[in-house]
Amino acid sequence: MAIEKITMPQLGESVTEGTISRWLVKVGDTVNKYDPLAEVMTDKVNAEIPSSFSGKITELVAEDGDTLAVGEIICYIETEGGATGGGETSKQETPANGSTTTETTSPTVEANDADQPNKRRYSPAVLRLAQENNIDLERVSGTGAGGRITRKDILKVIESGNIPTADSKPATSVTEEKPAEVASQPAASVSAPATAQAPKAAAPVNVPVEAGDIEIPVTGVRKAIAANMLRSKHEAPHAWTMIEVDATNLVDYRNSVKNEFKQKEGFNLTFFAFFVKAVAQALKEFPQINSMWAGDKIVQKKDINISIAVATDDALYVPVIRNADEKTIKGIAREITELAAKVRSGKLTSAEMQGGTFTVNNTGSFGSVQSMGIINYPQAAILQVESIVKRPVVMDNGMIAVRDMVNLCMSLDHRVLDGLVCGRFLARVKEIIEKMSRENTSIY
């Protein structure tokens with residue numbers, strides 16, 4: 001028999017962690033390869049983690065509600081084959097160099113605290129929270145299996161304000177006794193020792209709760225969205241610009257064919273499909289916009305993959321229309337319809353969330369006429385398509401006419417993009433949209 005580990009997968013580009021919303025298995029269950037093990041939520045997608053092996057679940061390292069970094073171990077599976085004897089729960093893994101790493105708990109703990117054999121088996125998430133808040137883990141009671149200290153235990157200690165400090169202990173006392181599963185993680189997934197003076201976690205805001213107030217815990221997708229948006233605003237210097245577009249010809253064209261299109265194709269021809277097509281065409285002409293910040297370099301992407309924002313009652317998702325510049329308006333309209341349906345039915349896959357290079361958000365669908373979007377990190381820009389409204393406009397001949405006008409609002413990462421190229425990009429999008437008509441534009 002052999003013990004294999006299952007780790008938190010990367011469920012989308014730029015996703016760094018996931019929250020286990022619900023385990024679908026328990027210790028002792030037998031699973032087949034590709035069977036779902038748990039439901040995971042990130043800021044981009046709800047997904048199931050499949051098993052990479054066939055075997056028996058021997059340990060669930062994380063609990064419902066735990067948030068783990070990509071690559072952190074979530075559970076162990078006992079499989080056929082290998083050399084561990086007698087089905088014992090000691091865990092061994094063989095790295096690529098052929099050496100064997102064995103996970104053990106501290107002999108001192110086993111001798112002095114036999115009823116809590118897992119007391120010192122700290123997950124990376126627990127270690128990180130403890131070190132950030134200077135918590136002495138020896139003085140924390142664990143509620144997990146075998147006395148294991150869970151992330152929820154640490155959060156309760158932090159919320160209580162009664163924090164047992166580790167001032168009298170060496171900075172390395174926790175990390176010296178961490179199991180092999182923590183030692184094998186990349187440096188980014190384990191926080192620095194206390195001597196590195198990691199920043200303290202923000203203290204909870206003390207908001208008075210009156211009778212009739214409703215307290216809604218920030219968990220799951222909402223928590224992940226908050227973290228990603230905070231990262232985008234903190235790391236990317238946002239700039240904003242807007243352009244006004246006369247969409248009268250487009251409105252007349254779309255309204256004249258929408259009923260026939262719906263009867264023929266079986267789905268709606270929305271204005272949004274025309275805008276996505278116009279943006280994709282302009283991105284091909286201005287490839288600088290289709291870029292990402294990568295620290296010491298800017299990566300200009302070859303493929304034009306448009307992320308579209310789709311909202312549910314409590315979250316926002318960004319599925320991707322791949323190679324949008326190669327698709328017809330009909331093809332884009334079909335993908336918009338299918339991706340939106342998958343989001344709202346909970347069937348969107350992680351693969352359908354990855355690879356986006358530029359985001360277009362249909363804020364006009366709920367009546368907005370001007371908004372400032374937060375960039376979908378690490379992309380360089382996001383475009384908000386606002387509501388099409390009838391307004392009086394002074395024409396070139398000096399006459400006033402009622403026209404169908406729309407605002408296009410663009411947020412940009414000023415590390416990657418400057419106002420000149422963004423202004424030219426928006427001017428090109430405006431030109432494409434204003435020329436859309438039955439004579440100039442093919443839906444198929």
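In the predicted model, helix 8 and helix 10 are oblique to each other, because their axes cross at roughly 135 degrees, and an angle counts as roughly antiparallel over 145 degrees and as roughly perpendicular from 65 to 115 degrees. The axes of these two helices come within 9 Å, and helix 10 spans residues 419-434. Helix 8 passes helix 10 in a right-handed crossing. Two packed helices are described by the angle between their axes and the distance between the axes.

The pair formed by helix 8 and helix 9 can be described in those terms. The axes of helix 8 and helix 9 cross at roughly 120 degrees and come within 9 Å. This angle makes helix 8 oblique to helix 9. The crossing of helix 8 and helix 9 is right-handed.

Helix 8 and helix 9 also take part in the lining of a pocket. The second largest pocket has a volume of about 910 Å³. Two or more residues of its lining come from each of helix 6 (220-235), helix 8 (271-285), strand 15 (310-311), helix 9 (329-345), strand 18 (358-361) and strand 19 (381-385). Helix 9 gives the largest share of this lining, with four residues. The second largest pocket is lined by 38 residues, and those that lie nearest its centre are Ala-309, Val-310, Asn-361, Asn-362 and Ser-365. Sorted by class, the lining holds 20 nonpolar, 14 polar and four charged residues.

Strand 18 and strand 19, which both contribute to that lining, are linked by a loop that contains Pro-378. A cis peptide bond joins Tyr-377 and Pro-378, with omega at about 10 degrees. Most residues other than glycine have a negative phi, and most peptide bonds are trans. A positive phi occurs at Tyr-34, where the value is near 80 degrees in a residue other than glycine. Tyr-34 is placed in the loop between strand 3 and strand 4.

The two strands on either side of Tyr-34 lead to the description of the sheets. Strand 3 belongs to an open sheet of four strands with the order 1-8-6-3 and antiparallel pairing. Strand 1 (2-7) and strand 3 (30-31) stand at the edges of this sheet, and each has a single partner strand, so one side of each is left without a neighbour in the sheet. Within the sheet, strand 6 (residues 55-60) and strand 8 (residues 73-79) run antiparallel and are joined by four bridges. Ile-57 has Ile-77 in strand 8 as its bridge partner.

Strand 4 belongs to an open sheet of four strands with the order 5-4-2-7, and here too the pairing is antiparallel. The edges are occupied by strand 5 (46-50) and strand 7 (67-69); each of them has a single partner strand, so one side of each is left without a neighbour in the sheet. From one strand to the next, the twist averages 40 degrees. Strand 4, which covers residues 36-41, pairs with strand 5 in the antiparallel sense over five bridges. Pro-36 has Pro-50 in strand 5 as its bridge partner.

Key
Residues are numbered from 1 along each chain as its sequence is written. This is a predicted model: local features need pLDDT of at least 70, side-chain atom pairs count only at pLDDT 80 or more; totals for chains, interfaces and linings use all residues. Side-chain values use heavy atoms; hydrogens and water are left out. On a 1 Å grid over the protein atoms alone, a cavity is a set of points where a 1.4 Å probe fits but cannot get out, and a pocket is an open set with protein on both sides within 12 Å along at least five of seven lines; lining residues have an atom within 4 Å of a point. Grid points are joined across faces, edges and corners, and a volume is the space filled by probe spheres set on the points. Ala, Val, Leu, Ile, Met, Phe, Trp, Tyr, Cys and Pro count as nonpolar, Asp, Glu, Lys and Arg as charged, and the others, Gly among them, as polar. Two strands pair if DSSP finds at least two bridges between them. Axes are lines fitted to C-alpha atoms, for helices over the stretch in contact, and angles run from 0 to 180 degrees between N-to-C directions. Angles under 35 degrees count as roughly parallel, over 145 as roughly antiparallel, 65 to 115 as roughly perpendicular and the rest as oblique. A crossing is left-handed if the near helix is turned anticlockwise from the far one by less than a right angle, and right-handed if clockwise.
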